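Today I opened my notebook to look at the empty spaces inside a protein and at its ligand. Here is what I looked up, step by step.

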Amino acid sequence: MGVVNVTPDSFSDGGRFLDAQAAIAQARRLAEEGADIVDLGGESTRPGAAPVSEEEELRRIVPVLEQVGDLCVSVDTRRPRVMERALAAGASMINDIQALGAPGAMDAVARSQCAVCLMHMKGEPATMQREPHYDDVVREVRAFLSQRIAECEKAGIARGRIVADPGFGFGKTAEHNLALLKNLRMLENLGVPLLAGLSRKSTIGKLTGRPPQERLAGSLAMALLALQGGAKILRVHDVKETKDVIAVWQAHDA
Ligand code: HH2
């Protein structure tokens, strides 16, 4: 899954693809590099990010979506109306960091046949990194995802449409993220494919001392660890390089 943030303030590529033509070109480039899914986001959810209005989110996303209808596109949003508009404009998947927690979000997805990614987050982006606490991060994330999957199924979203994501960096310290990565296999028996989003994240910065633009090597190491932990979808900014990691890992795993 290749990331295209149509935002001015995303932590690693903010402002680069705010212009629709730049975002369309980047989506096509990532697909050519081998991304099976392009994840389009119109709202930064980095720690401390300010929320954008629904109109602004739609204004950023829809024109791009309309031009890349031939690609498999997921839309990274928490808003039911954005979900509906995105699905009408050709999106194949909804990627929700709030796991369809907004009123109406589950219904919006249930009414379609799209795929959906349910992600765990503790708190809200504006405040989530203020001393997050867990008694047992792996168990708590697992319990949350298990419950959300059950609720989705009850609402009519078949299990085969669902992907689960522990939400690295969303209300989690570096230690929490590393514990989740090390124990990713414990999430496998949720019975849905696992998505991991570690690309350029601050845990890599903490481990290497490097700013977001210099975290490629760290991101590739994280990608390999996630694959070894059973992740089936990697959400990344650097598709070409990550495809090489996958090729090496697949040969080794064969
Ligand atoms: N991470 C980000 C955004 N959306 N979605 C899922 N499912 N999993 C993730 O780990 C995830 C996500 C944050 O990264 P990015 O989009 O690069 O930055 P920003 O939120 O600043 O736009």
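I began with the lining of the largest cavity, which has 7 nonpolar, 2 polar and 1 charged residues. Here Ala, Val, Leu, Ile, Met, Phe, Trp, Tyr, Cys and Pro count as nonpolar, Asp, Glu, Lys and Arg as charged, and the others, Gly among them, as polar. A cavity is a set of points, on a 1 Å grid over the protein atoms alone, where a 1.4 Å probe fits but cannot get out, and lining residues have an atom within 4 Å of a point.

I noted the basics too: this is a predicted model, where local features need pLDDT of at least 70 and side-chain atom pairs count only at pLDDT 80 or more, while totals for chains, interfaces and linings use all residues. Residues are numbered from 1 along each chain as its sequence is written, and side-chain values use heavy atoms, with hydrogens and water left out.

Next I listed who lines the largest cavity, and I found Met 222, Leu 234 and Arg 235 among them.

Then I turned to the ligand. Of the 18 residues around the ligand (a heavy atom within 4 Å of it), Ser 10, Ser 44, Asn 95, Asp 165 and Lys 201 come nearest. I looked up polar contacts, pairs of N or O atoms within 3.5 Å. A ligand nitrogen is 2.7 Å from an N or O atom in the side chain of Asn 95. Arg 235, which I had met in the cavity lining, has a side-chain N or O atom 2.8 Å from a ligand oxygen.

Terms used:
Polar contact = N/O pair within 3.5 Å; in protein donor to acceptor, adjacent residues only side chain to side chain. 1 Å grid on protein atoms, 1.4 Å probe; cavity = no way out; pocket = protein on both sides within 12 Å on 5 of 7 lines; lining within 4 Å.
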